[in-house]
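Please open the structure in a viewer and keep the selection tool at hand. The tour below proceeds from the whole chain to single residues.

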Amino acid sequence: MAKVFSLDDVKAHNKPDDLYIVVHGDVYDLTTFKNEHPGGKKILERVAGKDATVQFQKYHKDSVLEKYKPKFCVGSVEGKKAAPVKEAPKPVAAAPKPKPVAATTTSSAEPATTVLETFGDLIPYGDPGWYQSYHSPYYKESHAALRAEVREWITNEIEPYVTEWDEARSVPDSVFKTMGERGYLAGLLGVKYPVEYTDRRVASVPAEEWDHFHELIVTDELSRTGSGGFVWSQIGGYGIGLPPVIRFGGEELKKRILPGLLGGDNRICLAITEPDAGSDVANLTCEAKLTPDGKHYIVNGEKKWITNGIWADYFTTAVRTGGPGMGGVSVLLIEKTHPGVSVRKMDCQGVWSSGTTYITFEDVKVPVENLIGKENQGFKVIMTNFNHERLGIVIQCNRFSRVLYEESMKYAHKRKTFGKNLVEHPVIRMKLAQMARQIEACHNWLENIVYQCEKMGTQESMLRLGGAIAGLKAQATTTFEFCAREAAQIFGGLAYTRGGQGAKVERLYRDVKAYMIPGGSLEIMEDLSIRQALKVHQVLGMKL
Ligand code: HEM
């Protein structure tokens, strides 16, 4: 049982070689830690034997305690009050099972909308509206249960280590394995939950109920880590490399590789971009020549900026099997075990722990069974994939924007300048308002599009939604860029240094371009949003 101290007991430990302090009613023995304390040892010595909660809150995020409490907390003070802020991680899943508090039917012709219990910190706009008791036609109890399940895992087991992993430029393999064990990987493919290839299941959602909104929630909650590198380390290669295989791959191939991939034992990535061909997919040059016996392709070429390539067992690769242009492109699954595959890690501005890779294929012999889709019809495979990829980017960007906003809102309530909390200065509230309105606009458009995907199915959504999804990607990435800039201004110097209170803001600022350039650059997205929409609406009978 934890020891209980009186304040007088604590006062006795007020020397450099016997240094206790109180934070949020808990007693910490910092005698050994003081020499490693990043803020310095003297500052701790000045509060030795005292309640230093106020000083602590000024300089740290409360998450610091999540990491250090197990090491240095030696008990609590008598009559400890409930801490005013989060202290030890709370198991969110232990919260009462979410249930609708009101189900309303607006008219007999309209579907009922559900109001679920509030969830999260309830900072206005800090979470999507349905977390804060807004009516929604999209979400039901299984969505609420899933958000609690993922949040609990991320808060307790992931978030405390994300900065460390980002600095180390890699996330332990065990995390990806856990993604598989928890059934999340199988649910992130933009298709119905693939029960035929895995026995993994998501604890809070029956497989037959899995929909695109469940997928949205997993990606959204992963993104609360505030690290593009972390999110991409888990789903950056997987979420875009595996859908083409599951949709267009041969049955034998799927049976062989899907169980390992869905379970988190193996890894896959998407290899399209080349040193000289980014968004211009139709002009890629990596060639695959059929052998005279028709049994293999011989692949030669280079791929660049390939997320997760360094760890991948499989490479879903765009190759040229025919003439110039989009009609000569195919997709091949190349395996790490095929001789002639080499990978080299690249050093990039952001998403450090995502494993950005340069790949060379030199006379790699790939069996024809590894063809994904039909020969010279790879463009369709790639195009079908883009909507899913871009929606993933939108979800991540918008949550990152919320994280930046949420961090700013919290900091603006504790940092004082000119005798006032930052939030009391109108110029700061204006920044928060501009962030919030863009985030909400983007999220509402996102939910609408996800709903269309759910209703239309793959084929129709590929034909009809490409333009809107491109526009949404442009909106989400510019919102992200805006929020990163404004959050950095609110945090000032803390956003300019790595780690500490501004860690998420500094990191996300570095990650912005990883979202605005790949997956279709901002400029291409804006152009496509109009070009593609015009084509669709011509078919629909548009009158100009
Ligand atoms: C349980 C007690 C404490 C722990 C575990 C702790 C831990 C840390 C850590 C990990 C940092 C690095 C920055 C970060 O990750 O936020 C830090 C920085 C700092 N700490 Fe502490 N600390 C404690 C108590 C205190 C107290 C009581 C004070 C003040 C009286 C203090 C003053 C500072 C300062 C000034 C910095 C530098 C902040 C900056 O770079 O802006 N710390 N501390």
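What is the mean pLDDT of the chain, and what percentage of its residues reach 70 or more? This is a predicted model, and the mean pLDDT of the chain is 92, with 94% of residues at 70 or more. For the complex, the predictor gives an ipTM of 0.97 and a pTM of 0.88.

**The whole chain**

Begin by selecting the entire chain and displaying it as a cartoon. The chain contains 15 helices and 17 strands. The radius of gyration of the chain is 25 Å, close to the 24 Å that the globule rule gives for 544 residues, so the chain is as compact as a globular protein of that length. Along the principal axes, the C-alpha atoms fill a box of roughly 85 × 60 × 45 Å. Of the 544 residues, 44% count as buried. Of the contacts between residues at least 6 apart in sequence, 74% join residues at least 24 apart.

**Two segments of low confidence**

Next, colour the chain by pLDDT and select residues 82–96, over which pLDDT stays under 50. For this segment the model has 22 contacts beyond four places in sequence. Then select residues 102–108, where pLDDT also stays under 50; here the model has eight contacts beyond four places in sequence.

**The domains**

Give a separate colour to each of domain 1 (3–77), domain 2 (93–246), domain 3 (264–378) and domain 4 (387–540). Now show domain 3 and domain 4, whose C-alpha centres lie 30 Å apart. Five residues from domain 3 and eight residues from domain 4 take part in the contact. On the domain 3 side, the residues that touch domain 4 comprise two nonpolar, three polar and no charged residues.

Return to the beginning of the chain and select residues 2–78, which an unreviewed UniProt entry lists as "domain: Cytochrome b5 heme-binding". Over these residues the chain is 34% helix and 26% strand. The C-alpha atoms at the two ends of this stretch are 11 Å apart.

**Helix α10**

Select residues 238–248, which form helix α10. Is this helix mostly covered or mostly uncovered? Helix α10 is mostly covered, as nine of its eleven residues are buried. Among them are Y238, I240, L242 and F248.

**N387 in helix α12**

Move on to helix α12 (residues 378–414) and pick out N387 within it. N387 counts as buried because it has 23 C-beta neighbours inside 10 Å. Leaving aside residues up to four places away in sequence, N387 touches S461, M462, L465, G466 and I469. Add T155 to the selection: T155 and N387 are 232 residues apart along the chain, and their C-alpha atoms are separated by 29 Å.

**Two residues with positive phi**

Select N308, in the loop between β10 (296–307) and β11 (314–320). Its phi is near 70°, a positive value in a residue other than glycine. Is N308 buried or exposed? N308 is buried, because 26 other C-beta atoms lie within 10 Å.

Finish with F418, found in the loop between β16 (416–417) and β17 (420–421). Phi of F418 is near 50°, again a positive value in a residue other than glycine. F418 counts as exposed, because it has 7 C-beta neighbours inside 10 Å.

Conventions. Residues are numbered from 1 along each chain as its sequence is written. This is a predicted model: local features need pLDDT of at least 70, side-chain atom pairs count only at pLDDT 80 or more; totals for chains, interfaces and linings use all residues. pLDDT is the predictor's confidence in each residue, from 0 to 100. Two residues are in contact if their C-beta atoms, placed from the backbone, lie within 7 Å. Helices (H or I, at least four residues) and strands (E, at least two) are DSSP runs, numbered from the N terminus. The radius of gyration is taken over C-alpha atoms; the globule rule is 2.2 Å times the number of residues to the power 0.38. A residue is buried if 20 or more other C-beta atoms lie within 10 Å of its own, exposed if 12 or fewer, and partly exposed in between; C-beta atoms are placed from the backbone. Domain bounds come from an automatic or database domain assignment. Ala, Val, Leu, Ile, Met, Phe, Trp, Tyr, Cys and Pro count as nonpolar, Asp, Glu, Lys and Arg as charged, and the others, Gly among them, as polar. UniProt positions are given in the numbering used here, feature names are shortened, and annotations may be inferred rather than shown by experiment.
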